[in-house]
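Q: Here is a structure to go through term by term. Please set each label against the value behind it.

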Amino acid sequence: MPFSFPEHRRAATWLTLALTFLNFTGTNAARVVLTLFALSLGASPSAVGVLGGMFYLMPLFLSFPIGTLADRHGARGLLMAGAVCGIGALLLPYFVHTMPAFYVAAALSGLALAFFHVTLQNMIGLLSDPADRARNFSNFSLVGAVTNFMGPLAAGLSIDYAGYAEACLFLAVLPLIAVVLLALYGRRLPAGNPHAASGGATLRSIANPVVLRMIVTGSLVQLGVDLFQFYVPIYGHSSGMSASAIGAALASFAVASFVVRLFLARLVRGTTPEKLLAWSFYAGAVGFALLPFTNGALMLAGIAFIFGLGMGIGTPLTAMLMFSYSAEGRSGQTLGLRLTANNFVRVAGPVVFGAIATVTGLSPVFWISALIMGAGGLTSRARTARPPR
């Protein structure tokens with residue numbers, strides 16, 4: 001289909017955003033349900049840390065190859081495969097209530113995330129003209145913020161009112177709807193280019209200090225967000241909070257991310273990306289530093305809101321810049337490279353910090369995370385190259 005016509009681009013963009021909502025809500029909910037389900041079965045913080053790492057093991061190894069496939073073959077088949085994996089990730093713990101089954105379910109959820117994340121980000125970039133790229137990435141990030149709200153909240157409410165296993169069954173409906181949409185309207189998405197270049201040129205781009213800086217800062221942003229979302233449920237559970245209270249705190253983070261992303265295009269025009277990233281890190285440092293002093297669900301939700309106001313801007317900003325730096329025909333590969341680095345810290349972060357929490361408790365984990373975020377803010381302020389074209 002020729003995508004030079006605005007109505008074709010508009011329809012494909014709306015389909016991409018709808019698929020983003022369904023699939024990311026399902027994966028966000030699966031992460032919370034499996035974490036709390038494992039804790040209810042008596043899993044240790046170290047075991048839960050391994051579980052958290054399993055969510056991002058597949059994206060670590062497959063984001064770059066999936067980006068190459070997206071460049072060459074288009075999005076429809078990859079998104080369909082991701083939706084099927086998402087269904088399996090939620091059905092398995094419904095039938096089998098053991099930690100090995102949870103590890104497999106987390107890996108399936110991670111495989112779904114690998115298919116979704118690279119392909120959907122690439123679709124947003126491909127469907128955007130340079131003039132409206134910031135707006136479209138802003139809309140994409142807003143949908144992502146909504147899913148960060150809806151996923152934990154739906155998970156918490158489903159657990160409290162139906163139980164852990166039944167919550168998995170209910171939430172499997174979301175990727176099922178995505179399968180139906182792709183079957184009916186998936187041909188509206190842009191096709192790939194079978195002659196797209198190999199990944200060698202993209203790998204050589206790591207030598208570019210601007211790309212390297214974006215990879216490092218993007219990984220630190222991802223580490224901060226994931227550690228916050230991963231350890232808030234553990235902290236809330238240890239403090240005797242209900243699943244709904246924990247879900248509401250995580251939803252507060254999502255609301256703040258949504259609010260700040262409303263102004264993404266305006267903020268990009270009004271200041272430099274380096275300053276935005278620096279302030280994002282500083283807000284994250286404040287949020288982590290305050291967490292050990294939380295003594296109630298309301299205070300936890302307030303800290304999560306502060307954290308979201310800062311860190312919520314980091315992920316879409318780094319994604320937009322990486323797409324802008326990519327060579328034509330290799331945007332999927334470049335975004336896959338970024339997500340490979342992000343998912344390395346997603347796999348290693350929960351495992352390492354879970355081991356620390358097992359030995360020292362949760363408070364040192366939060367303080368170490370605050371120091372890392374502060375260092376990221378200082379690093380982000382320096383300008384090393386001209387902005388992208």
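Q: Why is I306 called partly exposed in this predicted model?
A: The relative accessibility of I306 is 38%. Buried needs under 20% and exposed needs over 50%. The value for I306 falls in between, so I306 counts as partly exposed.

Q: Where is I306, and how far in space is G287 from I306?
A: I306 is in helix α14, residues 297–311. The C-alpha atoms of I306 and G287 are 6.4 Å apart, with their places 19 residues apart in sequence.

Q: L300 lies in helix α14 as well. What makes L300 buried?
A: The relative accessible area of L300 is 0%. The cut-off for buried is under 20%, so L300 is buried.

Q: Which residues does L300 touch, leaving out those up to four places away in sequence?
A: L300 touches V232, M241, A249, L291 and T294. One of these, A249, is 51 residues from L300 in sequence. Their C-alpha atoms are 6.1 Å apart.

Q: Why is F61 called exposed?
A: F61 has a relative accessible area of 57%. Exposed means over 50%, so F61 is exposed. F61 lies in helix α3, residues 57–73.

Q: How far apart are F61 and T340 along the chain and in space?
A: F61 and T340 are 279 residues apart along the chain. Their C-alpha atoms are separated by 6.8 Å.

Q: S63 is also in helix α3. How do you know whether S63 is buried or exposed?
A: The relative accessibility of S63 is 1%. That is under 20%, so S63 counts as buried.

Q: What does the side chain of S63 reach, and what makes that a polar contact?
A: The side chain of S63 reaches the backbone oxygen of P59 at 2.6 Å. A polar contact requires a pair of N or O atoms within 3.5 Å, with one able to donate a hydrogen and the other to accept it. The distance of 2.6 Å is within that limit.

Q: Which residues are in contact with S63, apart from neighbours within four places in sequence?
A: S63 is in contact with M58, V118, G336, L339, T340 and N343.

Q: What makes R338 buried?
A: R338 has 1% relative accessibility. Buried means under 20%, so R338 counts as buried. R338 lies in helix α16, residues 331–360.

Q: Which residues does R338 touch beyond four places in sequence?
A: R338 touches Q121, T315, T318, A319 and M322. From R338 to A319, the C-alpha distance is 8.1 Å, and the separation in sequence is 19 residues.

Q: Why is Q229 called buried?
A: The relative accessible area of Q229 is 11%. The limit is under 20%, so Q229 is buried. Q229 is found in helix α10, residues 209–238. Beyond four places in sequence, Q229 touches R31, N148, L250 and F253.

Q: Why are helices α2 and α5 called roughly parallel?
A: The axes of α2 (residues 45–54) and α5 (residues 99–126) cross at roughly 30° and come within 7 Å. Angles under 35 degrees count as roughly parallel, so α2 is roughly parallel to α5.

Q: Which residues make the contact of α2 with α5, and how do they divide?
A: From α2 come A47, V50, L51 and M54. From α5 come M99, F102, Y103, A106 and A107. They divide into nine nonpolar, no polar and no charged.

Q: What makes α7 roughly parallel to α8?
A: Helix α7 (residues 164–171) and helix α8 (residues 173–185) pack at an angle of about 15°, with their axes 5 Å apart. The angle is under 35 degrees, so α7 is roughly parallel to α8. L169, F170 and L171 in α7 meet V173, L174 and P175 in α8. The contact has six nonpolar residues, no polar and no charged.

Q: Which residues of the largest nonpolar core touch the most other members?
A: They are L79, F228, Y231 and F288, in a core of 108 residues. Beyond four places in sequence, L79 is in contact with L19, F115, F116, T119, L120, L182 and L189. In soluble globular proteins, nonpolar side chains tend to be buried together.

Q: How many helices and strands does the chain have, and what share of the residues is buried?
A: The chain has 17 helices and zero strands. Of its 389 residues, 57% are buried.

Key
Residues are numbered from 1 along each chain as its sequence is written. This is a predicted model: local features need pLDDT of at least 70, side-chain atom pairs count only at pLDDT 80 or more; totals for chains, interfaces and linings use all residues. Side-chain values use heavy atoms; hydrogens and water are left out. Axes are lines fitted to C-alpha atoms, for helices over the stretch in contact, and angles run from 0 to 180 degrees between N-to-C directions. Helices (H or I, at least four residues) and strands (E, at least two) are DSSP runs, numbered from the N terminus. Angles under 35 degrees count as roughly parallel, over 145 as roughly antiparallel, 65 to 115 as roughly perpendicular and the rest as oblique. Contact means heavy atoms within 4.5 Å. Ala, Val, Leu, Ile, Met, Phe, Trp, Tyr, Cys and Pro count as nonpolar, Asp, Glu, Lys and Arg as charged, and the others, Gly among them, as polar. A nonpolar core is a set of buried Ala, Val, Leu, Ile, Met, Phe, Trp, Tyr and Cys residues joined through side-chain atoms within 4.5 Å. Buried means under 20% relative accessible area, exposed over 50%, partly exposed in between (1.4 Å probe, protein chains only).
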